[in-house]
Amino acid sequence: MAKFIRDPRMRHWRGQEMLYFRFSEKMMESKVVRAQLWLYLKPLPPTEHYDHQAVTITVLRALRSSNTADTPVFTPLTTLKEARPRGSRGKWVSLEVKRLVSDWFKFPMDNQGIAVQASIQGRDDLHPQHLLVTPSQNDRSSSYYIPFIEVHIADSRKHRTKRTISLNCAENANETRCCRYPLTVDFEEFGWDWIIAPKKYEANYCSGECPLVWFQKYAHTHVVQLASPPGSDGPCCAPRKMSSISMLYFDQEFNIIYGLLPGMVVDRCGCS
């Protein structure tokens, strides 16, 4: 399950801007599967000297000092480097922060926020605000590009497993019965650049035959098949349970929209 943590608070320490993300108690009970920090890189300032400009973005973790509780200590967490062509438009970039978010879930008091630094090689005169959108900027158009964290979580609590005849199969399985197979959907392969996150997700699909062994579970389906009323078909392998995904995308006015799209993931297959 993907969650998008948006609208971070801004904290300041000696001129350093810090992003502070808050998580619900229920969410912190879960296991972090994947976590990405998304930042919006502005169109780069023009230059006559380079066809490409080397941009470096560094995320620093704020830690409490052992000497003074109110004085954070910054330690580099992850760095992204990329060469941007001259005249490039703004774009979203992401950095992997799974370990950081996992630590925050385990030790919430250690969540002192993060600082983000951005620079262009040979351009020491540029402040990070000239390169990245931050919550402190008052430009209304920039409010659509505020940093956010995409967190994929799994429930770590123990549950009693329910008996079910639903099958899960690998791609190369020789199973002929109705089964759920993995399927990864990559939106970028479709050319759907209006989707910000997730860029890809596990959709899954159902395939296989529905023999009489399913009778006890879906008796009505087989009774109808035996009665053969006009226009009725035999049992087919289809989704029996589906779930939603969270998504960030641009609308027609280029506003960033957060939505919960139902019926996007096949959780269980069966004959119907």
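**Exercises: salt bridges and a small sheet**

Arg61 is buried, with a relative accessible area of 13%. The model used in these exercises is predicted.

**Exercise 1.** Which residue forms a salt bridge with Arg61, and is that partner buried or partly exposed?

*Solution.*
Step 1. Find the partner. Arg61 pairs with Asp103, and their closest N and O atoms lie 3.2 Å apart.
Step 2. Check the cut-off. A salt bridge needs the nitrogen within 4 Å of the carboxyl oxygen, so this pair qualifies.
Step 3. Place both ends. Arg61 sits in strand β5 (residues 52–64), while Asp103 sits in helix α2 (residues 98–106). The two are 42 residues apart, so the pair links distant parts of the chain.
Step 4. Judge the partner. Buried means under 20%. Asp103 has 21% relative accessibility, so Asp103 is partly exposed.

**Exercise 2.** Classify Glu175 and Arg177 as buried, partly exposed or exposed.

*Solution.*
Step 1. Note the contact. Their side chains form a salt bridge, with 2.8 Å from N to O.
Step 2. Read the values. Glu175 has 27% relative accessibility, and Arg177 has 33%.
Step 3. Conclude. Glu175 is partly exposed. Arg177 is partly exposed too.

**Exercise 3.** Which strands stand at the edges of the open sheet β12-β15-β16, and why?

*Solution.*
Step 1. Read the order. Three strands run β12-β15-β16, with antiparallel pairing.
Step 2. Count partners. β12 (195–197) and β16 (256–271) each have a single partner strand, so one side of each lacks a neighbour in the sheet. These two are the edges.
Step 3. Inspect one pairing. Two bridges join β12 to β15 (residues 237–250). Ala197 stands opposite Leu248 in β15.

Technical notes: Residues numbered from 1 in each chain as written. Predicted model: local features only at pLDDT ≥ 70, side-chain atom pairs only at ≥ 80, totals over all residues. Heavy atoms only, no water. Pairing = 2+ DSSP bridges. Helix = DSSP H or I, 4+ residues; strand = E, 2+ residues; numbered from the N terminus. Buried < 20%, exposed > 50% of the residue type's maximum accessible area, 1.4 Å probe, protein only.
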